[in-house]
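Hi everyone, thanks for coming. Please have a look at the screen with me, and I'll talk you through a few things.

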Amino acid sequence: MKKVIVIGGGLSGLSSAVSLLKNGFQVELLESSPKLGGRTYSLKHPKFDNMIDNGQHILLGCYYATLDYLNTIGSEQFLSKQKFLKIPFVNKGGKVSYLNSESDNYPLNLSKAIFKFDALSMRDRIKVIDFFLDLFFVDENDHKNQTVEQFLIEKKQNSQIISHLWDILVIGALNTTIDKADAAIFIRILKTIFFEGNDASSIYMASTNLNDLFINNAVDYLNNHHGIISLNETVKELVFENEKITKIITDKREILEYDFVITSIPPYAFQKITNNKIIPNLDEVFSYSPILNVHIKLKDNIFSEPFYTLLESDIHWIFNKGKHITLVTSSAEKYMGMDYNNIIGQFCSELKNYFPIFDVSMILDFLVIKEKRATFIPTKKTEKFRKNFINNYGNLFIAGDWVNTGLPSTIESAILSGQMAVNSIGSI
Ligand SMILES: Cc1cc2nc3c(=O)[nH]c(=O)nc-3n(C[C@H](O)[C@H](O)[C@H](O)COP(=O)(O)OP(=O)(O)OC[C@H]3O[C@@H](n4cnc5c(N)ncnc54)[C@H](O)[C@@H]3O)c2cc1C
């Protein structure tokens, strides 16, 4: 039986390990921290009774690799799926406008959803419908030198449509702003979400925490298939000689016995353990964007929808778990240096602007989580690099949400990258 060492226990590493075991390989997974899940995890905090997720982690019906992974580990029962696409957009003052496809009469239901989306004027709604009709004929390769902003302007989307629709969708999907994001990846994901049937655009939310959904059953799967998990073990160096990895040096031992190695770590960690040798200057390609999560414990549940998005606000999403709500800010650079009391003060006044019923006296406690390198930023430069990316160097295979999946920095990209690495090994 061929043996594979998987480095990194985030979702790309877990997906690699699960796929390898499914395909009859022997697996050892090395993870430097005491926990699995990488950027996707839950924690127990004394301020809250329930487990806290480090970020909401919305999934979509077009997360095909993720759904396959959840099915393999037996976690699909923890997913709850929206019957139809329904997103409540809240305006300052509290008016709620729904983007709601209402029926399964695809694709007419999507046009109807836009037609009834009263955050925009009727003229602008028609411009958005025109945009989608035109998108069918758009080839992303014709727009690879553009930012999303340049593409939207070319497609006659005015500032009102941008601020009341595209800004929030782009920042939610790509964790960056329209002036930085690459147009080609944006076109690709719009087509995947909206042109592949009703299910593709449905939003899935976990009915439990992220550990239950992604991690705990994967650990059981690994244990039941004789996979080995080594936590608290950091890979310090991959010795690359004669076009292959000849030795793995960790902070505890040297590993010489394996057939293949899969790295499932971010670019900056990959550079460190390969001494910048295998893919020179990788650090110059990737930059990162933060996400801020503010968890608030309320006396009462004052929200009726499971989530909201706020128009023209720094609070991009609110997720409602009853007396526990989470406020999410993507591309949150300006909050990284701000202290927690300032953040909560600012966000409370913002909440009051959008939900006048809210009052600061309703707050029992709060917790701020800053994730500085939450995702890489999908710029023209990264996407050009990723398009030509090679994930195989001798016995080394590279996974991680940043490889050539064609997707933004997401769970789907991470899980797909693990499956791609295993397929590449299988084809040797
Ligand atoms: C707050 C937040 C919200 C998000 N929201 C969403 C969302 O709504 N939807 C979505 O699809 N995606 C979301 N994402 C993105 C998603 O979490 C990531 O794309 C995905 O988890 C990346 O997985 P990965 O395995 O590629 O990398 P990681 O999760 O970074 O895993 C890498 C692992 O490797 C380990 N490691 C690193 N170096 C070494 C070493 N030398 N030796 C051993 N181990 C090592 C690390 O400890 C880590 O566990 C969000 C991310 C954050 C932070």
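I'll go through two sheets, then the cysteines, then the ligand.

A quick word on the ground rules: this is a predicted model, where local features need pLDDT of at least 70, side-chain atom pairs count only at pLDDT 80 or more, and totals for chains, interfaces and linings use all residues. Residues are numbered from 1 along each chain as its sequence is written, and side-chain values use heavy atoms, with hydrogens and water left out.

Let's begin with the sheets. Helices (H or I, at least four residues) and strands (E, at least two) are DSSP runs, numbered from the N terminus, and two strands pair if DSSP finds at least two bridges between them. One open sheet has 6 strands, ordered β10-β2-β1-β14-β21-β20, with mixed pairing. At its edges sit β10 (228-230) and β20 (392-393), each pairing on one side only. Strand β2 (residues 26-30) runs parallel to β10, joined by 3 bridges; there, Leu29 has Ile229 in β10 as its bridge partner.

Another open sheet has 3 strands in the order β5-β9-β6, and its pairing is antiparallel. Its edge strands are β5 (59-60) and β6 (79-81). Between β6 and β9 (residues 203-206) there are 3 antiparallel bridges, and Tyr204 in β9 is the bridge partner of Lys81.

Now, how many disulfides does the structure hold? A disulfide is a pair of cysteine sulfur atoms within 2.5 Å, and the structure has 0 of them. Are Cys62 and Cys348 buried or exposed? Buried means under 20% relative accessible area, exposed over 50%, and partly exposed in between (1.4 Å probe, protein chains only). Cys62 is buried at 9%, and Cys348 is buried too, at 8%.

Finally, the ligand. Its surroundings count 35 residues (each with a heavy atom within 4 Å), and among the closest are Ser12, Glu31 and Asp401. For polar contacts, think of pairs of N or O atoms within 3.5 Å. A ligand oxygen lies 2.6 Å from an N or O atom in the Glu31 side chain. Ligand oxygen is also 3.2 Å from a polar backbone atom of Leu11, and 3.3 Å from one of Thr410. Taken alone, the ligand exposes 1,000 Å², and the protein buries 90% of that (Shrake-Rupley method, 1.4 Å probe). Elements giving two or more residues to the shell include α1 (11-22) and α13 (411-426).

Technical notes
Polar contact = N/O pair within 3.5 Å; in protein donor to acceptor, adjacent residues only side chain to side chain.
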